[in-house]
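Have the sequence and the 3D view ready, and let us walk through them together. We will go from one helix to the next and look at what touches what.

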Amino acid sequence: MSLPLTIALIIFSVILIASASVLVAKGKIPIKYSLLWYFFAILILLVGVIPDAFGAIGRLIGFNIMSDLVIGVILVVLIFLNIALTVMIASQRRRVNLVSQEVALLKKELEDVKRKK
């Protein structure tokens, strides 16, 4: 891997870690969601720091060209990211439904109390 690409990967990884940390510090995202971004940033950092290891793994798997391995890894990372985000959205949807039901029950209870007065 060329030196400029290695430096770019390391810089991108540091920026990703810093961005996730700032979002957590400002309360924009919870820590449990930032762990996913930290994981991907560390993976990118490892690819930048020890590219020969990933090249050997790629050849072991059957990739002849490093760019094919990179594209394959990016696709796998995007698929896992999509799955993780889908799970998070489903969890939030369940919570919203529960809160909506609780609010509806409280409204009904409040209306019943007002009618009795």
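What follows is a tour of the helices and of some residues in them.

Keep in mind as you look that this is a predicted model. A good place to begin is helix α1, which covers residues 3–25. Find Ala 20, which is found in this helix. Is Ala 20 buried or exposed? Its relative accessible area is 4%, and buried means under 20%, so Ala 20 counts as buried. Setting aside neighbours within four places in sequence, Ala 20 is in contact with Ile 29, Trp 37 and Tyr 38. Now move along the chain to Ser 34, 14 residues from Ala 20 in sequence. In space, the C-alpha atoms of Ala 20 and Ser 34 are 6.0 Å apart.

Stay in helix α1 for a moment and look at Ile 17, which has its place there too. Ile 17 has a relative accessibility of 28%, so it counts as partly exposed. Which residues does Ile 17 contact, if we leave aside its neighbours within four places in sequence? They are Tyr 38 and Ala 41. For a sense of distance, try Phe 63 as well: Ile 17 and Phe 63 are 46 residues apart in sequence, and their C-alpha atoms are 29 Å apart in space.

Next comes helix α2, made of residues 31–49. Ser 34, the residue you have just visited, lies in this helix. Ser 34 has a relative accessible area of 0%, which means that it is buried. Apart from neighbours within four places in sequence, Ser 34 is in contact with Val 24 and Ile 29.

Helix α2 also packs with helix α4, which spans residues 66–116. Their axes are 12 Å apart and form an angle of about 175 degrees. Why is α2 described as roughly antiparallel to α4? Angles over 145 degrees count as roughly antiparallel, so this pair belongs in that group. To see where they meet, pick out Lys 32, Tyr 33, Leu 36, Trp 37, Phe 40 and Leu 43 in α2. Facing them in the contact are Val 77, Leu 81, Ala 84, Met 88, Gln 92 and Arg 95 in α4. Sorted by class, the contact has nine nonpolar, one polar and two charged residues.

Some of these names come back when we look for the largest nonpolar core, which has seven residues in all. Its members are Tyr 33, Leu 36, Phe 40, Val 77, Leu 81, Ala 84 and Met 88. The elements that give two or more residues to this core are α2 and α4, and the largest share, four residues, comes from α4. Val 77 is worth a closer look: beyond its neighbours within four places in sequence, Val 77 is in contact with Phe 40 and Leu 43.

Now turn to helix α3, residues 51–61. Which residues are buried in α3? Pro 51, Phe 54, Gly 55 and Gly 58 are. These residues cover an arc of only 105 degrees around the axis, so they sit on the same side of α3. The face turned away from this buried side carries the exposed residues Asp 52 and Leu 60. What covers the buried residues of α3 includes α2 and α4. Just after the helix comes Gly 62, whose phi is positive, near 125 degrees.

Our last stop is Leu 69, which has its place in helix α4. At 9% relative accessibility, Leu 69 counts as buried. Leaving out neighbours within four places in sequence, Leu 69 is in contact with Phe 54, Gly 55, Gly 58 and Phe 63. Finally, follow the chain from Leu 69 to Val 87, 18 residues along: their C-alpha atoms are separated by 27 Å.

Definitions and conventions. Residues are numbered from 1 along each chain as its sequence is written. This is a predicted model: local features need pLDDT of at least 70, side-chain atom pairs count only at pLDDT 80 or more; totals for chains, interfaces and linings use all residues. Side-chain values use heavy atoms; hydrogens and water are left out. Axes are lines fitted to C-alpha atoms, for helices over the stretch in contact, and angles run from 0 to 180 degrees between N-to-C directions. Angles under 35 degrees count as roughly parallel, over 145 as roughly antiparallel, 65 to 115 as roughly perpendicular and the rest as oblique. Contact means heavy atoms within 4.5 Å. Ala, Val, Leu, Ile, Met, Phe, Trp, Tyr, Cys and Pro count as nonpolar, Asp, Glu, Lys and Arg as charged, and the others, Gly among them, as polar. A nonpolar core is a set of buried Ala, Val, Leu, Ile, Met, Phe, Trp, Tyr and Cys residues joined through side-chain atoms within 4.5 Å. Buried means under 20% relative accessible area, exposed over 50%, partly exposed in between (1.4 Å probe, protein chains only). The arc is that of the directions from the helix axis to the C-beta atoms.
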